[in-house]
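Visitor: I should like to take a close look at the nonpolar interior of this protein. Please set it in the context of the whole fold.

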Amino acid sequence: MHSDFLCPHCRSHLRVGDYVVFRIKKKKWEGAIILMHPQVGNYHVEHHPSFIFEEGEKFDFHCPVCQHDLASSKHEDLAMVLMRDNTGETYQIYFSTIAGEKSTLKMMGEHVELYGKDSEKYVDFFTLSQLH
Ligand SMILES: [Zn+2]
């Protein structure tokens, strides 16, 4: 199924080809471009080999178009983008901004689906009655 990914602030398309494009940053470092897999729950990431990070490092994710911080209101370690599938449904995709952590929560209305072995860590920040 083809899904588009949109910045929740400027609504620009973040998906190009088979990648979702982000600018990531840290304090005192201007950042890098990373490419993530568009399939929810697939944690394959592409980046230039000169960009070296360690497991557990936290980054700030930004829209590469409007530069807005994509930090979510649910938890400081989760970023949020919009995903629109080919039926026209729009979901909120929350994903961990910590290197090596596999946490993705896909939310539409009152319904939340968990992906990745670390996603349980964040369930308390969503209404438990929403979990299925
Ligand atoms: Zn944007």
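Guide: The following account goes from the overall fold to the cores and then to single residues.

This is a predicted model, in which local features need pLDDT of at least 70, side-chain atom pairs count only at pLDDT 80 or more, and totals for chains, interfaces and linings use all residues. Residues are numbered from 1 along each chain as its sequence is written, and side-chain values use heavy atoms, with hydrogens and water left out.

The protein has zero helices and ten strands; here helices (H or I, at least four residues) and strands (E, at least two) are DSSP runs, numbered from the N terminus. The radius of gyration is 14 Å, close to the 14 Å that the globule rule gives for 132 residues, so the protein is as compact as a globular protein of that length. That radius is taken over C-alpha atoms, and the rule is 2.2 Å times the number of residues to the power 0.38. The C-alpha trace spans about 40 × 30 × 25 Å along its principal axes.

Of the 132 residues, 39% count as buried, that is, under 20% relative accessible area with a 1.4 Å probe and protein chains only. The largest nonpolar core has 22 residues. Such a core is a set of buried Ala, Val, Leu, Ile, Met, Phe, Trp, Tyr and Cys residues joined through side-chain atoms within 4.5 Å. The residues with the most contacts inside the largest core are Leu14, Phe22, Phe61, Leu70, Val81, Ile93 and Phe95. Two or more residues come from each of β3 (19-26), β4 (29-36), β7 (78-85) and β8 (90-96). A second, separate core of eleven residues includes Leu6, Leu78, Leu105 and Tyr122.

Leu14 illustrates the packing. Beyond residues up to four places away in sequence, Leu14 touches Phe5, Leu6, Cys7, Tyr19, Val20, Val21, Phe22, Cys63, Pro64 and Val81, where contact means heavy atoms within 4.5 Å.

Met83 lies in strand β7 and is buried, with a relative accessible area of 5%. Leaving aside neighbours within four places in sequence, the contacts of Met83 are Ser3, Asp4, Phe5, Val40, Glu89, Thr90, Tyr91, Ile93 and Lys106. The C-alpha atoms of Met83 and Glu110, 27 residues apart along the chain, are separated by 16 Å.

Over the whole protein, among contacts between residues at least 6 apart in sequence, 38% join residues at least 24 apart.

Methods. Buried means under 20% relative accessible area, exposed over 50%, partly exposed in between (1.4 Å probe, protein chains only).
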